[in-house]
Amino acid sequence: MTAQLDTLTSDSIATSIATSIATQAAPLPGYDAITVRKVGAHIGAQIGGVTIGADVPAAQIAEIKRAFAAHQVVFFRDQHHVDDADQRAFAALLGTVTKPHPTVAGDGDAVLPIDSDHGKANSWHTDVTFVDRIPSASLLRAVELPPYGGTTVWANTTRAYQLLHPALKALTEKLWAVHSNLYDYAAERDEKRIGGIDVKEIAYREEFQHLEYETEHPVVRIHPVTGERTLLLGHFIRHFVGLSGEDSHDLFRLLQRHVVRLDNTVRWSWRLGDLALWDNQATQHYAVDDYDDQHRRLHRITLAGDVPVSVDGVASSVRKGDASHYSPIASLAS
């Protein structure tokens, strides 16, 4: 009887593995140096056949960039050998590496630790939109993960624009928004922390806000690589230019609903050895606070981007702050 149970268990495991392999997305055609498998219908792909570091062949880099443009966020698994130096070297093959952040020191070179001890960014945003030169991409590596939860969700802001009613498209193409790093942290605070003091989190917020940045961006920008129109929103928006606070709030919620509808997102369950590379010019993301008080740490490196341009060809303008120390303005060639 025991032998029969062992046989049944082994057969069940084998069947489960075979089913998992059979149901995995087939590699997409058109790639010779890497494999690309879709993770979601409208955003996300997993790339295989790459060993991340300084020596990734040019043919693979070219195909990674092509897959990246097509899928907005791409994932690499089982890269257990990668350290900060490997991550930075790989990032440098894809573009110009920035400083860690305009206001947060990070490691002083390129790496910004995303550490749950400093708070949890559980809100929808595009990185660093409060400066004029918004990063083109970010590369995030899992360093320490909780035993459960800690997932990240990305949304496709290009498709979100495409799904808008023509009247809303016409409205958003004329709209501009003021983005600032001095957004309302209290509005995002978890109820269980009200009345309490988290010294590490307070210190991190003070560092984040010690320099003030404020920039006017078009709500619809032209993507510098694909030429597509994409929504530029997220939680750094203070208000829309010319609209009252109440009208700005209502319109922001309406537009954000289109961005974050579930069929327009992909959710990634992290494993050690994972790296995610996302297009910061065509996505928003949300780090889900679903892991209680467990520790979570990932390391982020960003790539320089250009200054957004509206559908009318008008570039974003700075109201406060100079971000030249943070990043150069990238050219399309970089």
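1. Two rings of Phe, Tyr or Trp, the last taken by its six-membered ring, are counted as a pair if their centres lie within 6.5 Å. In this predicted model, a search of the whole structure on that basis finds eight aromatic pairs.

2. In one of these pairs, the ring centres of phenylalanine 130 and tyrosine 213 are 6.0 Å apart and the planes meet at 40°, so the pair is tilted. Because phenylalanine 130 belongs to the loop between β4 (112–115) and β5 (137–144), while tyrosine 213 belongs to the loop between α6 (199–209) and β8 (214–218), the pair ties together parts that are 83 residues apart in sequence. Both phenylalanine 130 and tyrosine 213 are buried.

3. Elsewhere, ring pairs join Phe75, Trp154, Trp268, Trp270 and Trp278 into a cluster.

4. Two rings also carry a charged partner: arginine 66 lies over the face of tyrosine 31, at 4.4 Å from the ring centre, and lysine 169 places its charged end over the ring of tyrosine 161, 5.2 Å from the centre of that ring.

5. The largest nonpolar core comprises 27 residues, and those with the most contacts inside it are Ile47, Val50, Ile64, Phe76, Phe90 and Leu277. Elements giving it two or more residues include β2 (45–48), β3 (73–76), α3 (84–94) and β13 (275–279), whereas the largest share, four residues, comes from α2.

6. Leaving aside residues up to four places away in sequence, valine 50 touches Ile34, Val56, Gln60, Ile64, Phe76 and Gln79. Apart from the largest core lies another, of 18 residues, among them Val153, Leu164, Val219 and Val220.

How values were computed
Residues are numbered from 1 along each chain as its sequence is written. This is a predicted model: local features need pLDDT of at least 70, side-chain atom pairs count only at pLDDT 80 or more; totals for chains, interfaces and linings use all residues. Side-chain values use heavy atoms; hydrogens and water are left out. Rings of Phe, Tyr and Trp (its six-membered ring) pair if their centres lie within 6.5 Å; planes under 30 degrees apart count as stacked, over 60 as edge-to-face and the rest as tilted. Buried means under 20% relative accessible area, exposed over 50%, partly exposed in between (1.4 Å probe, protein chains only). A charge sits over a ring if NZ of Lys or CZ of Arg is within 6 Å of the ring centre and within 35 degrees of the ring normal. A nonpolar core is a set of buried Ala, Val, Leu, Ile, Met, Phe, Trp, Tyr and Cys residues joined through side-chain atoms within 4.5 Å. Contact means heavy atoms within 4.5 Å.
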